[in-house]
Structures are given as structure tokens and as C-alpha cells.
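User: I am new to this structure and should be grateful for a close look at a single part of it. Please set that part within the whole before turning to the details.

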Amino acid sequence: MQVSSLNEVKIYSLSAGRSLPEWLSDRKKRALQKKDVDIRRRIELIQDFEMPTVSTKIKVSRDGQYIMAVGTYKPRIRCFDAYQLSQKFERCLDSEVVTFEILSDDYSKIVFLQCGRFVEFHSQHGHYYKTRIPKFGRDFSYHYPSCDLYFVGASSEVYRLNLEQGRFLNSLQTDASESNVCDINPVHFLFAMGTAEGKVECWDPRTRNRVGLLDCALSSVTADTEIEGLPSISALKFDGALNMAVGTSTGQVLLYDLRSSNPLIVKDHHYGLPIKSVQFQRQLDLIISADSRIIKMWNKDTGKIFTSMEPENDINDVCLYPNSGMLMTANEAPKMNIYYIPVLGPAPKWCSFLDSLTEELEENPESTVYDDYKFVTRKDLENLGLAHLIGSSLLRAYMHGFFMDIRLYHKAKMMANPFAYEEYRREKIRQKIEETRAQRVQLKKLPKVNKELALKLIEEEEEQQVARKRKQKNLPSLLKDDRFKVMFENPDFQVDEQSEEFRLLNPLVSKISEKRKRKLKMLEELEAQEQEEEEEPEGKASDAESSESSDDEKDWVEEVRKQRKLLRQEEKVKRQERLKEDQQTLLKPQFFEIKEGEEFRSFKDSAKKQKLMKKTLGDRLKLEEKLGTLNVSDTTVGSKQATFKLKKSEQQRKQQEAEKRHRQERKTLRRPASHLKSKRGRGRPFH
């Protein structure tokens, strides 16, 4: 929701922001609302309050519940139910609508004047009847006492159509060649029409005679106005019984009292565009006049500007919601604008939440930032030589100064100050000096516990600043993290650099730790000295660091060997100490009991089993094949078949050996008998 302010009058644009297409699914609409802030913050007061291309006319029914608008393309009318905040219905028409009128309190009776000389009547269910008038019409009005429709257009006649009898009546013959607009006074029903010659003719519907003639073209010409042609009447509106406002095609608005032929006040829009609409706001005695570019609100007694609005698109029609501060416009764009001005009146009852919403915005005002404008005071304008622009469109008055285009400001400053380059050069030199000062050794407040670790973290953060800028990631610092705060406060968390674990994890840290110790010592000295003597230790520290950095590559291998040698010596000393302790202790023999049914084997069997278990499955299968416990063969299907022989336990082996010995003994016992039989067979038979 956009908020603009002119003359301390706040105007809330309720239709500002991008609209979402109708064909988008609800899921995609929600995704767009999450991504785009403008879509998320927009207020859609009435759902789909728009036309496909252009909206031409907009009106509100007398009961205030229905808002009707016509537009293109295709020609159509859309009716919106304000109480439901959504569209009621939509009807397409055969030709474009010039203007329309709501005859009933709701949407049940509507009359359309179309560009093809057609007059179309709609009832609650839809199209009811269509007829034609002799000449092209431009406007019409409804006379309630007699149920007559008065049509004006490209003719000198005013056509009358009686809706009670259903026929045309005798037309009114005027002196004008053409007529543009007409209106009927709501109090005494005087009929007035504006002509192309810049005159207003007033007729009495009862006697069908002309009762008055006003020459508005002559009255609209003042000393300040420049007239290129004859002004015609483009807008006409009655207010009460005696007041009438007339708009001309040259951009002037004239306010008349019907008892006088001279206008009470003449207001010029200064754009030279035809006045499209004139409305009266009775609560504040304002007149709301609009051309295709701007909507102006001004006091009808003094002519002083109250406020104004300039929409992005050209305006076709303006409608003021009755007894409220809401204003609606039909534009040369799909979206129809809705404005809420709390000063004009409260919000309508169907959107009463706007009052509380605007009150909250006024309680918490947001500062407005103008990126393309420069705020200057009157003194700045005098220094730049632009004081003559005060009052022109190049300067916009605001508070105690003015807003001007930033490009104009830069050009004027270059012309007014030719030595700006010297100032720019001095500023750059000053910035370079500040950068060099920032590179000096700065005093760092280190914690009491783990000072070397804190210094290491600070150095790592400084080294990774460039990488973090490239990746655009803000990584948290351990020194600033509350979860690790105790590590730099509690002495129990002090890192022991002489411990074996630390030296094994950091075997090459000695050289770097020596540098940090020197740096810590240097920082302690700098804290003790005064700030004036900071430069000398900085130079010494930088020289020492540069000389050490040049020797780092040479001493790298020696440092590695030295650390390894120290670790070996410490391990050797520890081994000797352990041997001495073992010698001092007395070793006692230990006995183990073997379970029943088991035999003691050598320790080599267990070692063989461990080696066998470490081998892969393929190696073990090959070993089993060699031993004969495994047989692998190919089948007819193409797969492989593996046959295993289970290993026998000790008892099974003993039983098999006993059975084998038993079979051997039986064989030896049977051998003599069989030997005798064989000998008998070879001898002669008995007789």
C-alpha cells in the first residue's frame, strides 16, 4: 500500500503493487508471495477489481452495495459486490459502451448507451431490450418524475425516450450543432446540456422550453490563460438546487450560481486537457475535478488546492463513494485504482478495517527515502545559483527546503564549484592514509586463559576474510560465541602444550608457537608503553617477522626431523623406565585347566586359525579345494555347484579310527579260511 502526502493530506493507494495473473494456480501464487515483498504487502480490497484492457466508466449503485464498471476488450460490464469483496457477475456486450446509468437501487435495471447508436436495457437476469437512436449519442440522463431518457450527441436535437410508454417522444430542438454532456438537477429537475460551442442550455422538462443560456467559453478566458481554440463543454454536474460546475475541453472548471450568468470561480488545471469528471464533496465543501492526467481537490469558495493525485495511467472516469473518503478511478490500464483519503470521511462499512489500518500506519510512520532526489535548503540553492527555480516544477517544496533531481544538482555543483576535483583528490589521499594506518599493529585485548589459542583464532580470521567476502558467508567467531566463552575464562580448560596428545596432534606447531609467543610478548610490551611510542615496536616486529618468514622454507625439514627425534628419545626413555619396573616386579606362574574331552594343542593352531580368518572368501575356497574338503563343478544350466565335506570332531575321528582297526582285524581272521578253499579247488576231486 503506497502512501502519498500533499498539503499534509495523506492518500492511501489500495490498488498499488503488481497483480497476479488469473491463470496462476494457488500454489504458484503463494510461492510468489513468499519471494516478492511487494506482492506480499499489497492490499487486494476487491478481488479481481480490473478489466482485460481498459476501463472507461465506473459507478456505484444507490444502496452502496454494488460497484459497476464497463471497459474493453471485449466490451463488457463487471458488477462487484462490495459486501462480499468479490465479483458478482460479468456480461459481454456487442459494442463499446459510451456511458451507462443505474436506474434502480441495485443492479436490476441498467441502461447502456453504445457507440453504434444502440441503447441497450439490462434487467437482473441479463439482456432485456435493445433499440437505436437516429444519431450517435455522447451522453444521456434519466428524468425520474416522467421516466424519460434524454439523449444528446452529434445532433442539434435532444432525443426523448419514455420508458413507461415504451416509445420516443418529440425531441427538443436546440441552437447547438452538437452536444457533449447533460445532467438533470436532483432537486427541481432542471435539464442542462453542454454544447460544442462552449455554451450551457437549460430546459424545463415540464414545458419543454429553454429557460436559460450560459456562455461558458467567454467566461473561461482569463488574463493568465492561453486559448488555442474555442473551448467546448466536456463535463457538467449539479450540486443542490443552485450550484453547477462546468468543465471545458481546455482544462478550466467554472462554478456557477444559477441566478447569475457570471461564474463564481474559475479553476485552471494548467494542463490544457479536457475535464473528464466533476464531483462535489459536501462535508468539506470541495470540488473534485479530473482530466486525463491529474485529479485535483479544491475549495469551492476560495479555489485553494486541498490536495491532488497523479496516477500512472490516463484517467477516464472518477467515482466518489457516497458519504466516505474512498475514491475510485477508471483508467487506460487493466487495473482500476482505489484511493482512501481519511480526511474526506470514514471508510465504507464493508471495509471498516481501513480506519484501524491507517491509524496504525500514522502511529508508526516510516521514513521516506528518495534515491533520485537531493534535499536542498534555500541557502544551498543560493550557493548553487538556482534560487530562480523556486516555484517551478523542477523543485518540490518539502518541510524547510526542496527536493530536486540529483542529476540537476550534480551539474549545478560542477558549474558552481570548479575546484571540486582538488577536494576530491584531497579526500582520496586522506582515505589512503587511513588505510595505511589500519594496517599497523593494533592492540588486541586477549583473554586471560588460552591466550595463544585466542591469538591463533584471530590470525585465522584475518587470513580468511578475503575468502569469506568471495563466498559471501558470515561465519561465526569462536571468541564471540557464548557456547565457547568458558574455554577462555575457566583455567581448567587451559591447553597443556607439553602433553603427549598435544605434541602428537601438532608435531609442527613449535615454530608457529614461537612466533605467537614473541607476538604475545610484543603486545604485552605495547600495552605497557604509551600510544605515542607505537611505531618503533611495529617496525621491529615487522622486521623480525619478515626475516623469519624468509627462513621458514629452509628450516622446515630440520624442524620435522628434530620433532621426530625428540619423540623417539622420549619413547625410548619411557620404555626403559617400564623395563626397570618390570624387573623389579616378581612374576608368578599361572595355571590353566583344560576341559574334559579336549586335548592340549600347540599355540600354533590358534595362530593358523587367525591367519585363515583374515583371508578372503576366495582364498579360503581355493585352500579347501587343495585339501579336498571342497568340490566345485559346473551344472547343465550354466551355474556352479559347490560340495563341502564337513570337518569331523575329535570323537568322530577316534570312532572312525577304531572302526578301521576293527575291520583290519576281521580281514586278517578271515584270510586263512578263504586260502584253504582256494587250494581245494585247485586239487583233484574226491571219489
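What does the accessible surface of the protein come to, and what percentage of it belongs to carbon and sulfur atoms? After that, please look closely at the sheet that contains β4 and β5, including the loop between these two strands.

Analyst: The model is a predicted one. The accessible surface of the protein comes to about 47300 Å², and carbon and sulfur atoms hold 50% of that area. The protein has 687 residues, of which 34% count as buried. Its secondary structure consists of 15 helices and 34 strands. Among contacts with a separation of 6 or more, 44% are between residues 24 or more positions apart.

The part in question is an open sheet of 4 strands, arranged in the order β3-β4-β5-β6 with antiparallel pairing. Two of these strands, β3 (54-60) and β6 (86-92), form the edges, and each of them pairs on one side only. On average, neighbouring strands of this sheet are turned by 20° against each other, direction ignored.

Within the sheet, β4 covers residues 66-72 and β5 covers residues 76-81. These two strands are antiparallel partners, joined over 6 bridges. One pairing can be followed residue by residue: Ile-67 has Phe-80 in β5 as its bridge partner.

The loop between β4 and β5 deserves particular attention. Most peptide bonds are trans. Here, however, the bond that joins Thr-72 and Tyr-73 is cis, with omega at about -15°. Tyr-73 itself belongs to the loop between β4 and β5. The peptide bond from Tyr-73 to Lys-74 is also cis, and its omega is near 10°. Lys-74 has its place in the loop between β4 and β5 as well. Tyr-73 therefore takes part in a cis bond to Thr-72 and in another to Lys-74.The same region also holds an enclosed space. Rolling a probe the size of a water molecule over the atoms shows where empty space is left. A search of the whole structure finds 1 cavity of 30 Å³ or more, and the largest cavity has a volume of about 40 Å³. Its lining is made up of Thr-56, Val-70, Gly-71, Thr-72, Pro-75, Arg-76, Glu-96 and Val-97. Strand β4 supplies the largest share of this lining, with 3 residues. Thr-72 thus appears twice in this account, as a lining residue of the cavity and as a partner in a cis peptide bond.

A second sheet may be set beside this one. It is an open sheet of 4 strands in the order β11-β12-β13-β14, with antiparallel pairing. Its edge strands are β11 (137-143) and β14 (167-173), each with pairing on one side only. Neighbouring strands in this second sheet are turned by 25° against each other on average, direction ignored. Strand β13 (residues 157-162) runs antiparallel to β14 and is joined to that strand by 5 bridges. Arg-160 stands opposite Leu-169 in β14.

Loops elsewhere in the chain have backbone features of another kind. Most residues other than glycine have a negative phi. Asn-7 has a positive phi, near 60°, and is found in the loop between β1 (2-6) and β2 (9-13). With a relative accessible area of 47%, Asn-7 is partly exposed. Asp-285 also has a positive phi, near 55°, and its place is in the loop between β23 (275-281) and β24 (286-291). Its relative accessibility is 31%, so Asp-285 counts as partly exposed.

Asp-285 leads on to a residue in another strand, Trp-298, which touches it. Trp-298 lies in strand β25 (residues 295-299) and counts as buried because its relative accessibility is 0%. Leaving aside residues up to four places away in sequence, the contacts of Trp-298 include Val-253, Ile-265, Lys-267, Leu-286, Ile-287 and Phe-306. Trp-298 and Ser-308 are 10 residues apart in sequence, and their C-alpha atoms are 8.6 Å apart in space.

To return to the part requested, the sheet β3-β4-β5-β6 is open and antiparallel, the loop between β4 and β5 holds Tyr-73 and Lys-74, and β4 gives 3 residues to the lining of the largest cavity.

Terms used:
Residues numbered from 1 in each chain as written. Predicted model: local features only at pLDDT ≥ 70, side-chain atom pairs only at ≥ 80, totals over all residues. Heavy atoms only, no water. Pairing = 2+ DSSP bridges. Axes fitted to C-alpha atoms, helices over the stretch in contact; angles between N-to-C directions. Buried < 20%, exposed > 50% of the residue type's maximum accessible area, 1.4 Å probe, protein only. Contact = heavy atoms within 4.5 Å. Areas by Shrake-Rupley, 256 points an atom, 1.4 Å probe, with all protein chains shown as cover. 1 Å grid on protein atoms, 1.4 Å probe; cavity = no way out; pocket = protein on both sides within 12 Å on 5 of 7 lines; lining within 4 Å. Points joined across faces, edges and corners; volume = space filled by probe spheres on them.
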